[in-house]
Amino acid sequence: MNAVVIQNYGNPGVFTELALTPPAITDTQVLIEMYATTASSADQLVRSGAFKQVMQVRFPHVLGVEVAGVVRETGRNVSQLKVGDRVMGLSRFGGGYADFVALEENSAVVIPPELSFQEAAALPASALSAWQSLFQYGKLESGQRILIHAGAGGVGHLAVQMAKQHGAYVIATARAYNHEFVRHLGADEVIDYTTADFAEAAGTVDIVLDMVRDAAVDANTGIGVTEQKNTRILRDNGRLVSLVDPSIATHPKIRGIEAQFAYIEPSRSDLASIIRQVREDKLKVHVDEIFPFTAQGISEAHDHYKTRKYRGKLVIVRQRG
């Protein structure tokens, strides 16, 4: 099979194409023919080496944590999926940048006919990140005030919709040209983080969902400016949920604030809940741009991701036929 791999950590130009043996599945796995995948935040962090202390990889490594496609083979203990099913799934350790990917049955769910493969690929990691961050880690309740950073991004644009559907008062950060988009998603307030200090504009909140990786942190505490500001606006005993900083839980506790790194787990039941929201027209995924499944196409997708000048998701589509 054809795969696009990285042979070492590096910039978006590090991708190369390689012929690999299709993965063998276990009794609890399915083999999916990949039709679409994405350039996700997780892929960026692994490719660049930023997560190498958290997740070691062996080279050549196939990135791609979000997958949509068709089931071509099932393990003998698989009961919920069958050959020919249109599915989406989360491959937490990568594998999506290849013609075929093996997934645990619990990591995949059937998608409805009205959902395209491009839209489906844009959901698994981002929607699970939003869902589990808000409800498992953040324990979001109706009426609470929540600040969602990067409200126009892949996770953020879904988190804004989910939080609003749940009855929260939603404040989001976004560049000025994305304000109308984020308000349309349901945000009650949008702060232009490039011209305003969000800590001054947001007021007190119950929860912060953080997707901003501080470039510089204090040498002694490991705390960056964004985390300091997040803590400042949280009420006593509030919750700070980070999707980018695994060390946050080890930082000194302030005013009873619970700081957690959201470690996203594949969950068939959570994926089914997300699909239900899509079918009920309560959740819409936004695909901003589509790139071809080639080394150059994936490099361009990762380059574009770094600019932050997009809304929702960047999808990679494999030519079929």
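Nine helices and 16 strands make up the secondary structure of the protein. The model is predicted.

The overall dimensions were examined next. The C-alpha trace spans about 55 × 45 × 35 Å along its principal axes. The radius of gyration is 19 Å. For a compact globule of 321 residues, a value near 20 Å would be expected, so the protein agrees with that description. Of the 321 residues, 55% are buried, that is, under 20% relative accessible area. The exposed surface of the protein comes to about 13900 Å². Carbon and sulfur atoms supply 48% of this area. Contacts were also sorted by sequence separation. Among those with a separation of 6 or more, 71% join residues 24 or more positions apart.

One open sheet was followed strand by strand. Three strands form this sheet, in the order β2-β1-β4. Their pairing is antiparallel. Strands β2 (15–19) and β4 (61–62) lie at the edges, and each pairs on one side only. Helix α9, residues 295–307, packs on the sheet. The helix touches β1 and β2. Its direction makes about 145° with that of β2.

The pairing of β1 with β4 can be given in detail. Strand β1 covers residues 2–6. Two bridges join β1 to β4, and the two strands run antiparallel. Within this pairing, I6 stands opposite H61 of β4.

Key
Residues are numbered from 1 along each chain as its sequence is written. This is a predicted model: local features need pLDDT of at least 70, side-chain atom pairs count only at pLDDT 80 or more; totals for chains, interfaces and linings use all residues. Side-chain values use heavy atoms; hydrogens and water are left out. Two strands pair if DSSP finds at least two bridges between them. Helices (H or I, at least four residues) and strands (E, at least two) are DSSP runs, numbered from the N terminus. Contact means heavy atoms within 4.5 Å. Axes are lines fitted to C-alpha atoms, for helices over the stretch in contact, and angles run from 0 to 180 degrees between N-to-C directions. The radius of gyration is taken over C-alpha atoms; the globule rule is 2.2 Å times the number of residues to the power 0.38. Buried means under 20% relative accessible area, exposed over 50%, partly exposed in between (1.4 Å probe, protein chains only). Accessible areas come from the Shrake-Rupley method with a 1.4 Å probe; for residues, only the protein chains shown count as cover.
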